[in-house]
Each structure stands twice: as structure tokens, then as C-alpha cells.
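Me: I'm new to reading protein models, and I'd like a close look at one small part of this one. Could you then walk me outward from there to the rest of the chain?

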Amino acid sequence: MSYRPKPPTTIKIGPIPFDVIKEPSENSGLMEYEDQRITLNDSMGLHCELETLLHESFHAMLTCIGKEELSDNEGFVQAASNALTALLINNIDLIRYINEVARKA
Ligand SMILES: [Zn+2]
């Protein structure tokens, strides 16, 4: 079996660490803010899994900054998080730069 990258087990959004869990589900993903949990469907392909993790993280980010009305706008979340996913996955040098800046923080 070939190597498959695993999502992080925790993602910090604002001051809150979210557990990232993979399990069988009818949905691609689910963000439960009060439970500090993001659940990913464990049968997705690699790129869909990444896209879903960023989608659910975006819901959490909007909730964290008090913009729940935007988080409830599924079309907005889908468009913005897919654009963010494309930006990150298509620019590996940007990821390297972010890593280097983060290590200086
Ligand atoms: Zn959503």
C-alpha cells in the first residue's frame, strides 16, 4: 500500500484547538464548534479530504470571529474555502514560505 498523507490530528483556530477525526459518514465533513471537533468522512480521496478539512476549518474560523451568518452561507464557505485550497495546493513555494515565517513566530 502506498503512502498517504494524514491530516493533522489537531487544528488550532483562534484560541481553540479542534480535534480532527476521520470516521465513516454520509457527509463529507462536519464542524462542531462547541465540541471543538472537525469530522472528515474516511472514504474520501486525498484531495477531497484536504478540501473538506479547509472547508470545515473555514466554518470554524468564521464562527470564531463572530461571523456565524457567513458560516451559515454554505455557498460562500464553499467558494472561499475552495479558492483557499487551490491557492495553497498550487503554490508549494508559498507553503514553504509560510512554514519559514511560522518558525520565526
Ligand atoms: Zn459547509
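Where is the place of Gln36?

Reply: Happy to help, and one thing to keep in mind from the start is that this is a predicted model. Gln36 sits in the loop between strand 3, which covers 29–32, and strand 4.

Start with its backbone. Gln36 has a positive phi of about 55°, although it is not a glycine. To see what makes that worth a look, remember that most residues other than glycine have a negative phi. As for its surroundings, Gln36 has 15 C-beta neighbours inside 10 Å, so it counts as partly exposed. The reasoning is simple: a residue needs 20 or more such neighbours to be buried and 12 or fewer to be exposed, so a value in between is partly exposed.

Now step from the loop into strand 4, which spans residues 37–41 and includes Asn41. Asn41 is partly exposed as well, because 17 other C-beta atoms lie within 10 Å. Leaving aside residues up to four places away in sequence, Asn41 touches Ser25, Asn27, Ser28 and Gly29. Take Ser25 from that list: Asn41 and Ser25 are 16 residues apart in sequence, yet their C-alpha atoms are 5.2 Å apart in space.

Let's zoom out to see where these strands belong. The chain has four helices and four strands, and from the N terminus on they run β-β-β-β-α-α-α-α. The radius of gyration is 14 Å, close to the 13 Å that the globule rule gives for 105 residues, so the chain is as compact as a globular protein of that length. Its C-alpha atoms fill a box of roughly 35 × 35 × 25 Å along the principal axes. Of the 105 residues, 20% are buried. If you take contacts between residues at least 6 apart in sequence, 34% of them join residues at least 24 apart.

The helical part has a pairing you can trace on screen. Helix 1 (residues 46–64) and helix 3 (residues 74–89) have axes that come within 9 Å and cross at roughly 125°. That angle makes helix 1 oblique to helix 3, and the crossing is right-handed. On the helix 1 side, the residues that meet helix 3 include Leu50, Leu54 and Phe58. Among their partners in helix 3 are Val77, Leu84 and Ile89. Sorted by class, this contact has seven nonpolar, six polar and one charged residues.

Finish with Ile89, which lies in helix 3. With 14 other C-beta atoms within 10 Å, Ile89 is partly exposed. Try finding Thr63 too: Ile89 and Thr63 are 26 residues apart along the chain, and their C-alpha atoms are separated by 24 Å.

Note on methods
Residues are numbered from 1 along each chain as its sequence is written. This is a predicted model: local features need pLDDT of at least 70, side-chain atom pairs count only at pLDDT 80 or more; totals for chains, interfaces and linings use all residues. Helices (H or I, at least four residues) and strands (E, at least two) are DSSP runs, numbered from the N terminus. The radius of gyration is taken over C-alpha atoms; the globule rule is 2.2 Å times the number of residues to the power 0.38. Two residues are in contact if their C-beta atoms, placed from the backbone, lie within 7 Å. Axes are lines fitted to C-alpha atoms, for helices over the stretch in contact, and angles run from 0 to 180 degrees between N-to-C directions. Angles under 35 degrees count as roughly parallel, over 145 as roughly antiparallel, 65 to 115 as roughly perpendicular and the rest as oblique. A crossing is left-handed if the near helix is turned anticlockwise from the far one by less than a right angle, and right-handed if clockwise. Ala, Val, Leu, Ile, Met, Phe, Trp, Tyr, Cys and Pro count as nonpolar, Asp, Glu, Lys and Arg as charged, and the others, Gly among them, as polar.
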